[in-house]
There are 2 protein chains.
Amino acid sequence: MEERDIKRAGLKITQPRVKILDLLSNSQEHHLSAEDIYKLLLGNGEEIGLATVYRVLTQFEAAGLVNRHHFEGGQAVFELATEEHHDHMVCMKTGRVVEFYDEIIEQRQQELARLHNFRIKDHSLILYGEFIGESDENA
Amino acid sequence: MEERDIKRAGLKITQPRVKILDLLSNSQEHHLSAEDIYKLLLGNGEEIGLATVYRVLTQFEAAGLVNRHHFEGGQAVFELATEEHHDHMVCMKTGRVVEFYDEIIEQRQQELARLHNFRIKDHSLILYGEFIGESDENA
DNA sequence: GATTAACATGATAAAGTATATCATTTCATT
DNA sequence: AATGAAATGATATACTTTATCATGTTAATC
Ligand SMILES: [Zn+2]
Ligand SMILES: [Zn+2]
Ligand SMILES: [Zn+2]
Ligand SMILES: [Zn+2]
């Protein structure tokens, strides 16, 4: 994701938009809440408003540049939409997020939808638990 | 679910608790938000406070009497925990909720967890879309 | 490069969902 | 019925997100 993509979305290339896209592209943990992004940017010495972060993320989502997920814990998290579709395992101790994709599950969803005369537009599969043998020291 | 279950949970049998349990037991749509419950009870002429509804639902959840789900749309919804585990399809037009259970998906989740050294404590699978050939007249 | 109109930002207000507080009421035991 | 413990409900507060709007920025045009 780069400036090209912002323009392609019909949005002006502004500092806040570029900064947010850069952060999502380069951050180690790439599932970030709006507030995470806001604080990380402030920590980097950038000037940005929280309202702008929320607004831009919503615009990016509408443009298909980012995906929004509702993990438990109040705040939605965002990630770049560069990767293929995947679902998530979330560690309840450390907050660590691992992505996975399983063709069998995806196909069964379609099959179940068909059985119920349902057309799937989107879905959310989140496994909550913990990684075995992992401490929560860096939670 | 009945008064017996409230007592079993170590809670006093009070009017608000009984009313909420009755509503969840007898309501046509049994996935209700705290505010749904509050307004339905008020509509029935019952006197109850919104804070009590939230408090009681949280207690019921902790006691395993109800399950909480985070469908999209801000408010969490609750349902009695009498049924076996199931997942949900949610119509984005009408709000209609259909429950399903698929052994293959459940087993694949376990398998994927094993592959990632993950112990599943809980999971959430929600399919969003629409039921084919259904209008949104009573959305 | 300057002009300019449209667009974007950010401080703040406001909305929406849920929890905390606490004086009063209800429950359940004696 | 008396009584202490627990629960209620009005309200305040917390928390996440969106709306408002004066000001600042972008990008197209000259
Ligand atoms: Zn999936
Ligand atoms: Zn992801
Ligand atoms: Zn399931
Ligand atoms: Zn259900």
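## Contacts with DNA strand D

In this predicted model, a backbone N or O atom of A:I13 sits 2.9 Å from a phosphate oxygen of DNA strand D. Two further contacts with phosphate oxygens of DNA strand D are worth finding on your screen. One comes from the side chain of A:Q75, where an N or O atom is 3.5 Å away. The other comes from B:G49, through a polar backbone atom at 3.2 Å. Chain A and chain B both take part here, with A:I13 and A:Q75 on one side and B:G49 on the other.

Stepping back to the whole surface, 23 residues lie around DNA strand D, and those that come nearest are A:I13, A:Y54, B:T14, B:T52 and B:R55. Of the strand D atoms that come within 4 Å of the protein, 71% belong to sugar and phosphate. Three helices each supply at least two residues to this surface: α4 (50–62) of chain A, and α2 (15–26) and α4 (50–62) of chain B. By class, the surface near DNA strand D is made up of nine nonpolar, seven polar and seven charged residues.

## Contacts with DNA strand C

Now turn to the other strand. The side chain of A:T14 places an N or O atom 2.7 Å from a phosphate oxygen of DNA strand C. A:E47 reaches a phosphate oxygen of DNA strand C through a polar backbone atom, at 3.3 Å. With A:K12 the partner is a sugar or linking oxygen of DNA strand C, which lies 3.2 Å from a polar side-chain atom of that lysine. The elements giving two or more residues to the surface near DNA strand C are α2 (15–26) and α4 of chain A, together with α4 of chain B.

Which residues come closest to DNA strand C? Of the 24 that surround it, they are A:T14, A:T52, A:R55, B:I13 and B:Y54. Sugar or phosphate accounts for 72% of the atoms of DNA strand C within 4 Å of the protein, and bases make up the rest. The surface near DNA strand C holds nine nonpolar, eight polar and seven charged residues.

## The zinc ion with four donors

Chain B provides the protein donors of the zinc ion listed as ligand 3: B:H85 (NE2), B:D87 (OD), B:E106 (OE) and B:H123 (NE2), at 2.0 to 2.1 Å. The angles among these four donor atoms run from 96 to 130°, and the site is tetrahedral. For comparison, the ideal angle for four tetrahedral donors is 109.5 degrees. If you want to trace the site in the sequence, the donors follow the spacing H-x1-D-x18-E-x16-H.

B:E106 belongs to helix α5 (residues 103–115) of chain B and B:H123 to strand β6 (residues 118–131) of chain B, so this pair ties together parts that are 17 residues apart in sequence. Both donors are tucked away from the surface: B:E106 is buried, with a relative accessible area of 13%, and B:H123 is buried too, at 15%.

## The zinc ion with six donor atoms

What coordinates the zinc ion listed as ligand 4? The donors are B:H31 (NE2), B:E79 (OE), listed twice, B:H86 (NE2), B:H88 (NE2) and B:E99 (OE), at 2.1 to 2.4 Å. The arrangement is irregular because the six donor atoms subtend angles of 56 to 168°. Along the chain, the spacing of the donors reads H-x47-E-x6-H-x1-H-x10-E.

B:H31 lies in the loop between α2 and β1 (32–33) of chain B, while B:H88 is in strand β4 (residues 87–91) of chain B, so the pair ties together parts 57 residues apart in sequence. Are these two histidines buried or exposed? B:H31 counts as buried at 6% relative accessibility, and B:H88 counts as buried at 2%.

## A positive phi in each chain

One last detail concerns the backbone. A:N117 is not a glycine, yet its phi is positive, at about 55°. A:N117 is located in the loop between α5 (103–115) and β6 (118–131) of chain A, and is partly exposed at 46% relative accessibility.

In chain B, B:N117 also has a positive phi of about 55° without being a glycine. B:N117 sits in the loop between α5 and β6 of chain B, where its relative accessible area of 45% makes it partly exposed.

Technical notes
Residues numbered from 1 in each chain as written. Chains lettered and ligands numbered in written order. Predicted model: local features only at pLDDT ≥ 70, side-chain atom pairs only at ≥ 80, totals over all residues. Heavy atoms only, no water. Near = heavy atom within 4 Å. Polar contact = N/O pair within 3.5 Å; in protein donor to acceptor, adjacent residues only side chain to side chain. Helix = DSSP H or I, 4+ residues; strand = E, 2+ residues; numbered from the N terminus. Nonpolar A, V, L, I, M, F, W, Y, C, P; charged D, E, K, R; others polar. Donors = N, O, S within 2.8 Å, 3.2 Å for Na, K, Ca; no water. Tetrahedral: all angles 85-135°; square planar, octahedral: opposite > 155°, others 65-115°. Buried < 20%, exposed > 50% of the residue type's maximum accessible area, 1.4 Å probe, protein only.
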